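Colleague: Please take me slowly through one part of this model, the place where the ligand is held, and explain each term as you come to it.

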Amino acid sequence: MRKEHRVKLHLLSKLADGDFHSGEALGQELGMSRAAIAKHINGIQEWGLDIYRIQGRGYQLAQPLYLLDEARLQAQSMASVELIPVIDSTNQYLLNRIGELESGHVCLAEYQSQGRGRRGRQWFSPFGANLYMSMYWKLDAGMAAAMGLSLVVGIAAVEALESLGIQGVKLKWPNDVYYQDKKLAGILVEMSGQAGGAAHLVIGMGLNILMQESKDSIDQPWTALNQIDSATPIDRNQLALTLMRSWQQALKEYELCGMPGFVERWNRLDNFRGRQVKLLMGAREVYGEVVGIDNQGGVLLSSANGVQSYLGGEISLRPVDK
Ligand code: ATP
Ligand code: BTN
């Protein structure tokens, strides 16, 4: 880890309690001047954290942080887990190491400088506020089964949230997680595999937990778990462990039995079932009512032409009025 990252992470472990810490006390703890501390605090703010400075009292985080704990995650998980607090992208990290990894290996981060969504779009990843998690999965069935898999992971994520008492979370085909028509999480499946052989997949999810209202760099309605139930503090470690287990279980089931067992589970959670939507496919737009998904993971749209299935990574679904 770079030394300047180590210093900033040390500072954050002190500030995480949400109390005031004077520049002088922090300087003594880290063996550096108050001016050096001030410089590092500025750097930390570039990771998307709001820190107040009040004359005579010192520095305070806008909200306390509940940091991920690699030792706990490793001890309580069936998977091998790596926590890399500051990273470009957890998906990219695993893609770069596919040859060295065991299927099921997980990478988590506290901050991503280049978190990404589909088609190169940016995934906003402020430090410590959300969950950024990727898992490597070797799918022997090959690339053709990858589309269904990306739906399966979304189902498993919502079911994991339900098992923690978080209700009302839905899915948008193919793999966004919604709450009250706003984006709560996004899933990105990337692959590196030769046609015909096993598919080497990296499944990444960004799940908003405590993100602040002021993040207006996101150009669509979004939400975070703390807006669903602000009374219950969220244990991010527990959440990560529950999600990992749920993914592993669902992926194994998918490998053994395929998509059929997931169709009804998807339909129960589909945010747009029974609603009029449009599908954007490059320059083409198709309108219809969502009636479900099929055994390949395609979305079924009912229109004047009957019911048709649409499948493919380049398709985006939108409500008709957006
Ligand atoms: P599609 O239906 O094509 O997937 P999308 O607009 O959801 O459309 P994605 O590529 O899936 O696009 O996701 C990236 C988009 O998500 C960004 O363009 C931004 O609008 C939004 N976004 C970025 N960061 C966050 C975040 N932390 N929380 C919620 N939404 C975000
Ligand atoms: C989307 O909605 O398009 C998907 C967003 C996926 C974001 C996650 S965060 C962890 C992983 N690393 C990335 O760079 N992207 C995914």
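**The surroundings of ligand 1**

Modeller: Around ligand 1 there are 18 residues, and those that come nearest are Arg-121, Lys-183, Asn-208, Asp-219 and Ser-316; a residue is near a molecule if one of its heavy atoms lies within 4 Å of it. This is a predicted model, in which local features need pLDDT of at least 70 and side-chain atom pairs count only at pLDDT 80 or more, while totals for chains, interfaces and linings use all residues. Residues are numbered from 1 along each chain as its sequence is written, chains are lettered from A and ligands numbered from 1 in the order in which they are written, and side-chain values use heavy atoms, with hydrogens and water left out.

By class, the shell around ligand 1 holds 8 charged, 5 polar and 5 nonpolar residues, where Asp, Glu, Lys and Arg count as charged, Ala, Val, Leu, Ile, Met, Phe, Trp, Tyr, Cys and Pro as nonpolar, and the others, Gly among them, as polar.

Some atoms of the ligand make polar contacts, meaning pairs of N or O atoms within 3.5 Å. A nitrogen atom of ligand 1 is 2.8 Å from a polar side-chain atom of Asn-208, an oxygen atom of the ligand lies 2.9 Å from a polar backbone atom of Arg-118, and an oxygen atom of ligand 1 is 3.2 Å from a polar side-chain atom of Arg-119. Taken alone, ligand 1 exposes 620 Å², of which the protein buries 93%, with areas from the Shrake-Rupley method and a 1.4 Å probe.

Arg-119 deserves a second look, as its phi is positive, about 50°, although it is not a glycine. Arg-119 is placed in the loop between β6 (111-112) and β7 (131-139), the strands being DSSP runs (E, at least two residues) numbered from the N terminus. With a relative accessible area of 39%, Arg-119 is partly exposed, a class that lies between buried, under 20%, and exposed, over 50% (1.4 Å probe, protein chains only).

A positive phi, near 65°, is also found in Asp-181, again a residue other than glycine. Asp-181 sits in the loop between β9 and β10 (182-192) and is partly exposed, at a relative accessible area of 33%. In the loop between β8 (169-172) and β9 (176-179) lies Pro-174, which a cis peptide bond with omega of about 0° joins to Trp-173.

Terms used:
A polar contact is a pair of N or O atoms within 3.5 Å; within protein, one must be able to donate a hydrogen and the other to accept it, and residues adjacent in sequence count only if both atoms are side-chain atoms. Helices (H or I, at least four residues) and strands (E, at least two) are DSSP runs, numbered from the N terminus.
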